[in-house]
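These are my notebook entries on one structure, kept in the order in which I looked things up. I wanted to go from strand pairing to the interior, and then to the cysteines and the aromatic rings.

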Amino acid sequence: MTTSSGKIDCAAKVSGRMTVKASSGNISLRGATPRSLSVSTSSGTVKLNAVTAKEKLDVESSSGNIQLEKCDAGEIHLESSSGSIRATLLSDKLFDVRSSSGNLDYPASIKGGDPCTVVTSSGNVRIVVTA
């Protein structure tokens, strides 16, 4: 799914690879269960709710917040150049969390947990695991 200007709002059951891109606009996905998911927007907020990727979940926003609620994947990468990142995950992870200027609030890493990389240049990070 791709849009150059406008929002994407989708509730989908997908079993393969899923890519969602917006040049300028918000992205909202609910209930997707793809093998892998790549989401990107240049300027806009990304909201994922009850999204579980079997392999990889990759979310990037150049200028906008990233919000995940009840989401999970074998490997997670979240990155925002100028925006906050909030995530409620369903399983313990091995965290690599960085922010150039922002507060970091995330649980301790679990040895052997799936990798979760979270990066923001100017924004806060808050991660909760509800395992």
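**Entry 1: strand pairing**

In which sense do strand β4 and β6 pair, and over how many bridges? I looked this up in what is a predicted model, and found that strand β4, residues 27-30, pairs with β6 in the parallel sense over four bridges. Within this pairing I noted that Ile27 has Val46 of β6 as its bridge partner. I then turned to β8 and found that β6 and β8 also run parallel, joined by four bridges. Here I recorded Lys47, which stands opposite Gln67 in β8.

**Entry 2: the two faces of β6**

Which side chains of β6 point to one face and which to the other? I found an alternation along the strand: Val46 and Leu48 point to one face and are buried, whereas Lys47 and Asn49 point to the other face and are not buried.

I stayed with Val46, which belongs to strand β6, residues 46-49. Its relative accessibility is 0%, and because the cut-off for buried is under 20%, I enter Val46 as buried. I then listed what Val46 touches beyond four places in sequence, and the list reads Ile27, Val39, Thr41, Val59, Asn65, Ile66 and Gln67. Ile27 thus appears in my notes both as a contact of Val46 and as its bridge partner. For Val59, which lies 13 residues from Val46 along the chain, I noted a C-alpha separation of 7.9 Å.

**Entry 3: the nonpolar core**

Which residues touch the most other members of the largest nonpolar core? I found that this core holds 29 residues, and that Leu29, Leu37, Leu48, Leu57, Leu68 and Leu78 are the ones that touch the most other members. Strand β8, residues 66-80, supplies the largest share of the core, with six residues.

I followed Leu68 further and, leaving out neighbours within four places in sequence, found it in contact with Leu48, Leu57, Leu78, Arg86, Ala87, Thr88 and Leu89.

**Entry 4: the cysteines**

How many disulfides does the count come to? I arrived at zero, and I checked the sulfur atoms to see why. The closest cysteine sulfur to that of Cys71 is in Cys116, at 11 Å, which is too far for a bond, since a disulfide would need the two sulfur atoms within 2.5 Å. I repeated the check from the other side, and the closest cysteine sulfur to that of Cys116 is in Cys71, again at 11 Å and too far for a bond. As for accessibility, Cys71 is buried at 0%, and Cys116 is buried at 1%.

**Entry 5: the aromatic pair**

How many aromatic pairs are there? The count came to one. The pair is formed by Phe95 and Tyr106, with 5.9 Å from centre to centre and 55 degrees between the planes, and I enter it as tilted. The pair links distant parts of the chain, eleven residues apart, with Phe95 in strand β10, residues 93-99, and Tyr106 in the loop between β11 (104-105) and β12 (114-120). I also compared the accessibility of the partners: Phe95 is buried, with a relative accessible area of 11%, whereas Tyr106 is partly exposed, with 34%.

**Entry 6: Val97, also in β10**

I next looked up Val97, which is found in strand β10 and counts as buried at 10% relative accessibility. Not counting residues up to four places away in sequence, Val97 touches Leu104, Tyr106, Val118, Val125 and Ile127. Tyr106, the aromatic partner of Phe95, is therefore also one of the contacts of Val97. I noted one further separation, to Gly113, which is 16 residues from Val97 in sequence and 14 Å away, C-alpha to C-alpha.

**Entry 7: the whole chain**

I closed with the overall figures. The protein has zero helices and 13 strands. I noted that its C-alpha atoms fill a box of roughly 40 × 35 × 15 Å along the principal axes, and that its radius of gyration of 14 Å agrees with the value near 14 Å that a compact globule of 131 residues would have. Buried residues make up 43% of the 131 residues. Finally, among contacts with a separation of 6 or more, I found that 17% are between residues 24 or more positions apart.

How values were computed: Residues numbered from 1 in each chain as written. Predicted model: local features only at pLDDT ≥ 70, side-chain atom pairs only at ≥ 80, totals over all residues. Heavy atoms only, no water. Core = buried A, V, L, I, M, F, W, Y, C linked by side-chain atoms within 4.5 Å. Buried < 20%, exposed > 50% of the residue type's maximum accessible area, 1.4 Å probe, protein only. Contact = heavy atoms within 4.5 Å. Pairing = 2+ DSSP bridges. Phe/Tyr/Trp six-rings, centres within 6.5 Å; stacked < 30°, edge-to-face > 60°. Rg over C-alpha atoms; globule rule 2.2 N^0.38 Å.
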